[in-house]
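Me: I should like to learn how to read a structure of this kind. May we go through it one feature at a time?

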Amino acid sequence: MLTKLKFAIVEDNPDYANVVGWMINGNIKIFKEVSEFKDEGFDCVFCDLRLKETYGLDTIKALREKTCKPIIVLTGMGAGFLGATDFQAFLDAGADEVYRKEIITDPTFPDMVLKIIEKHNRCSI
């Protein structure tokens, strides 16, 4: 049921951002940088960790200041970078989930996204 949801994708690679949009089959808007992002009633925000203006935890923190919606990090960084300590630091910075970019090819990815949206909406009282 993702087709009725709105997604923001903060990603400086437009080809990858379009693939994410295609895989989730939802209404998407792409932002190349966190500084361009404006929360327009999105249900969820996907973001890369390495952008031109921000990197790593700074990317997540800057994005979290702009939205209360779930943030799903999709990164191309290697497994060594995504150790348990790093993963927890990303969650502490405001991410709701952190995945390697390859996850979008998993047929269960849309279901995972829906569960994250249901579980992690910080806008709810």
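Me: Which residues are buried in helix α1?

Reply: Please keep in mind that this is a predicted model. Helix α1 covers residues 14-24, and its buried residues are Y16, A17, V20, G21 and I24. Viewed down the axis of α1, these buried residues fall within an arc of 145°, so they line one face of the helix.

Me: Which residues are exposed on the other side of α1?

Reply: D15 and W22 are exposed there.

Me: What covers the buried residues of α1?

Reply: The cover includes four strands, namely β1 (6-10), β2 (27-31), β3 (44-47) and β4 (71-75), and also helix α4 (109-119).

Me: How should I read the two ends of α1?

Reply: Take the N-terminal end to begin with. N13 caps this end of α1, with a side-chain oxygen 3.0 Å from the backbone nitrogen of D15. After α1 comes N25, which has a positive phi, near 55°.

Me: What pattern does the protein chain follow along the sequence?

Reply: The chain contains four helices and five strands. Their order along the sequence is β-α-β-β-α-β-α-β-α. Of its 125 residues, 43% count as buried. Among the contacts with a separation of 6 or more, 62% are between residues 24 or more positions apart.

Me: How is a pair of aromatic rings described?

Reply: Such a pair is described by the distance of the ring centres and the angle of the planes. The structure holds five aromatic pairs. One of them is formed by F31 and F42, which are edge-to-face, with 6.0 Å from centre to centre and 90° between the planes. F31 lies in strand β2 and F42 in the loop between β2 and β3, so the pair ties together parts that are 11 residues apart in sequence.

Me: Are F31 and F42 buried or exposed?

Reply: Both F31 and F42 are buried.

Me: Which residues form an aromatic cluster?

Reply: F7, F46 and F109 form one aromatic cluster.

Me: Which residue lies over the face of F42, and which over the face of Y16?

Reply: K6 lies over the face of F42, at 5.4 Å from the ring centre. K101 lies over the face of Y16, at 4.5 Å from the ring centre. Y16 also belongs to the buried residues of α1.

Me: How much accessible surface does the protein chain have?

Reply: The accessible surface comes to about 6600 Å², and 53% of this belongs to carbon and sulfur atoms.

Note on methods:
Residues are numbered from 1 along each chain as its sequence is written. This is a predicted model: local features need pLDDT of at least 70, side-chain atom pairs count only at pLDDT 80 or more; totals for chains, interfaces and linings use all residues. Side-chain values use heavy atoms; hydrogens and water are left out. Buried means under 20% relative accessible area, exposed over 50%, partly exposed in between (1.4 Å probe, protein chains only). Helices (H or I, at least four residues) and strands (E, at least two) are DSSP runs, numbered from the N terminus. The arc is that of the directions from the helix axis to the C-beta atoms. Contact means heavy atoms within 4.5 Å. A polar contact is a pair of N or O atoms within 3.5 Å; within protein, one must be able to donate a hydrogen and the other to accept it, and residues adjacent in sequence count only if both atoms are side-chain atoms. Accessible areas come from the Shrake-Rupley method with a 1.4 Å probe; for residues, only the protein chains shown count as cover. Rings of Phe, Tyr and Trp (its six-membered ring) pair if their centres lie within 6.5 Å; planes under 30 degrees apart count as stacked, over 60 as edge-to-face and the rest as tilted. A charge sits over a ring if NZ of Lys or CZ of Arg is within 6 Å of the ring centre and within 35 degrees of the ring normal.
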